[in-house]
Protein chains: 2
Amino acid sequence: MAEVAWIAVDWGTSNLRVWAMDASGQVVDTHGSDQGMGVLDREGFETALLSLITPYLAQGRVLPVVCCGMVGSRQGWAEAAYLSTPCAPPDGQNATRVAVNDPRISVFILPGIKQISPPDVMRGEETQIAGYLAVNPDFDGVLCMPGTHTKWVHISLKEIVSFQTFMTGEMFALLSKQSVLRHCLVSSGFDQSSFDAGLSDALGRPQLVTAQLFGLRAGALVADLKPAAVRGRLSGLLIGAELSGARPYWLGQNVAIIGDPKMSDLYRKGLAAQGVDATLVDVADITLNGLKAAYESLKEQVL
Amino acid sequence: MAEVAWIAVDWGTSNLRVWAMDASGQVVDTHGSDQGMGVLDREGFETALLSLITPYLAQGRVLPVVCCGMVGSRQGWAEAAYLSTPCAPPDGQNATRVAVNDPRISVFILPGIKQISPPDVMRGEETQIAGYLAVNPDFDGVLCMPGTHTKWVHISLKEIVSFQTFMTGEMFALLSKQSVLRHCLVSSGFDQSSFDAGLSDALGRPQLVTAQLFGLRAGALVADLKPAAVRGRLSGLLIGAELSGARPYWLGQNVAIIGDPKMSDLYRKGLAAQGVDATLVDVADITLNGLKAAYESLKEQVL
């Protein structure tokens with residue numbers, strides 16, 4: 001096994017992922033756990049991290065650890081204060097050093113980014129953006145980042161100019177699992193033509209979305225609307241409403257989509273229906289690439 | 001105690017309310033329980049009812065019981081098939097008779113109303129509408145019925161012409177209790193000026209509502225937005241989006257609001273900001289009045 005030179009960490013609300021890296025930037029090993037920020041108190045972070053990386057530690061040397069994500073929030077291990085737009089994604093210089101008990105590690109947390117007006121925040125996506133720009137340094141346009149809280153990010157001259165977050169993913173989860181609509185989603189399946197119709201309806205009349213949501217329940221009761229059609233239309237209505245609101249971001253723009261492939265493809269199709277030919281980005285190493293860029297700048301400037 | 005001539009029952013998903021009525025239409029007594037449709041299986045309904053009305057039963061005579069609400073849904077005691085718009089609110093002639101074990105009661109359930117296109121349903125509100133029309137027989141205009149699922153109902157010539165349901169109340173509950181926004185609603189309070197601003201923003205740009213919802217979280221994190229302001233603005237955004245979608249119902253119309261007084265007043269203020277002077281209806285006896293009207297027609301035609 002190659003010698004581990006540093007540790008990359010993606011630490012979100014629900015999950016913890018670590019990569020043991022060698023000096024040339026290759027992954028030596030990787031591990032994950034469900035010890036996300038949401039289940040840890042402040043004292044629990046170091047223990048959770050050590051439980052995954054102890055094999056790489058040695059007496060007499062200090063291993064750098066570079067983290068991103070909700071671990072840097074006020075409820076996290078240590079608060080890494082937001083950068084403010086317009087700004088480049090954070091590099092090692094912007095990292096917050098965390099006080100630790102174990103002398104064999106030196107831990108840094110990358111900050112998130114805030115926007116004052118209109119108010120918005122990101123934590124984690126900024127490192128994906130850094131990873132994307134590390135591979136596509138000349139990108140100028142808009143990143144669409146579908147997820148629980150979908151981000152639309154305007155990038156120009158390697159800077160994040162502005163961004164806007166939509167609660168689409170969280171709304172889909174709440175409505176499909178906790179609302180009255182859950183009764184009409186009892187089986188799986190996803191009908192694409194229902195997605196297309198819902199998308200088109202919401203883009204045309206976004207003000208009717210909350211009525212059309214109840215229409216799914218009513219359609220199941222009085223018009224035998226099937227679960228696959230409900231799921232497709234629910235997704236189409238919510239993404240359609242988002243695309244309607246995000247129009248200033250994508251209209252006439254160069255758009256790249258960064259996210260879970262299945263979800264990204266729904267956004268790609270929605271944008272295609274509006275005449276926008278968006279690129280799907282391979283997200284396999286995107287966060288790791290951002291952490292690597294941060295480590296390189298840390299090495300030059302801090303370590 | 002005056003002799004009980006019949007029993008009125010409002011039986012929803014969460015609650016059961018019974019009124020013991022004399023022959024002149026006066027309330028002799030009333031009782032409630034939490035034995036709503038949602039917690040009962042089909043065999044449980046008769047027991048739940050008897051547990052509240054046994055004191056009024058006597059051997060050798062049959063007491064009529066008139067019910068409305070989710071008790072008549074497919075998951076209820078017995079399915080009372082929907083009437084279809086356009087139609088008058090149901091009267092006793094439309095009631096479904098339920099098979100019971102106890103010979104001392106004769107149970108009738110009033111149907112809900114469905115609309116085929118666009119698909120929509122109500123169960124319970126139709127009896128409130130009947131109660132309103134019993135007192136205001138010449139009403140011509142629109143009823144706004146705020147609640148978990150707010151209904152807008154076009155009434156003309158004593159008929160329900162069309163209606164539209166918005167999930168506003170359920171969305172408020174889900175977002176304020178289950179979403180990421182719950183973190184910025186830790187204390188109570190309701191800021192009216194934040195409501196007004198949210199309402200105006202959503203009416204102007206309903207397509208931005210899901211972005212503005214996340215903006216509440218971001219505002220709390222980066223701009224010290226207080227819980228009372230978050231709650232006011234959340235309510236304003238959701239009601240504003242609804243008013244935007246319901247514009248064809250209220251624009252230039254005679255509007256009466258039937259619902260919880262606090263909630264109704266928010267709708268009244270929202271409509272007033274759009275130049276519509278809506279009437280607040282006293283809802284104290286409205287469902288009971290609808291059940292009384294149904295009992296009168298049952299007495300004439302069935303009993």
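A salt bridge is a side-chain nitrogen of Lys or Arg within 4 Å of a carboxyl oxygen of Asp or Glu. By that rule, 0 salt bridges are found across the interface of chain B and chain A in this predicted model.

**The interface**

The contact between the chains involves 40 residues of chain B and 40 residues of chain A. About 3300 Å² is buried between chain B and chain A, and carbon and sulfur atoms give 72% of this area. Met167(B), Phe214(B) and Val222(B) together supply 19% of the area that chain B buries against chain A, more than any other three residues. Polar contacts across the interface of chain B and chain A number 4 residue pairs, both residues of each being at pLDDT 80 or more.

On the side of chain B that touches chain A, two or more residues come from each of β8 (113-115), β9 (120-122), β12 (159-166), α3 (168-178), α5 (209-222) and α6 (227-245) of chain B. The largest share, 10 residues, belongs to α5(B). The make-up of this side by class is as follows.

| Class, side of chain B that touches chain A | Count |
|---|---|
| Nonpolar | 20 residues |
| Polar | 14 residues |
| Charged | 6 residues |

**Asp120(A)**

Asp120(A) is part of strand β9 (residues 120-122) of chain A. Apart from neighbours within four places in sequence, the contacts of Asp120(A) include Phe214(B) and Ala218(B) from chain B. Within chain A, Asp120(A) is in contact with Ile113(A), Lys114(A), Gln115(A), Lys151(A), Phe163(A), Gln164(A) and Thr165(A). Asp120(A) is buried but has no salt bridge. The nearest side chain of opposite charge is that of Lys151(A), 4.3 Å away, and the salt-bridge rule requires a separation within 4 Å, so this pair does not count.

**Helix α1(A)**

Helix α1 of chain A spans residues 44-53 and is mostly covered, with 8 of its 10 residues buried. The buried residues are Gly44(A), Phe45(A), Glu46(A), Ala48(A), Leu49(A), Leu50(A), Leu52(A) and Ile53(A). Strands β1 (6-11), β2 (16-21), β3 (27-33), β4 (63-68) and β7 (105-109) of chain A are among the elements that cover them.

**Arg104(A)**

Arg104(A) sits in the loop between β6 (96-98) and β7 of chain A. Its side chain makes a polar contact of 2.8 Å with the side chain of Asp102(A). Beyond neighbours within four places in sequence, Arg104(A) is in contact with Leu57(A), Ala58(A), Gln59(A), Arg61(A), Val62(A) and Leu63(A).

Conventions: Residues numbered from 1 in each chain as written. Chains lettered and ligands numbered in written order. Predicted model: local features only at pLDDT ≥ 70, side-chain atom pairs only at ≥ 80, totals over all residues. Heavy atoms only, no water. Buried < 20%, exposed > 50% of the residue type's maximum accessible area, 1.4 Å probe, protein only. Helix = DSSP H or I, 4+ residues; strand = E, 2+ residues; numbered from the N terminus. Contact = heavy atoms within 4.5 Å. Lys, Arg positive; Asp, Glu negative; His and termini not counted. Buried area = accessible area lost by both parts, 1.4 Å probe. Polar contact = N/O pair within 3.5 Å; in protein donor to acceptor, adjacent residues only side chain to side chain. Nonpolar A, V, L, I, M, F, W, Y, C, P; charged D, E, K, R; others polar.
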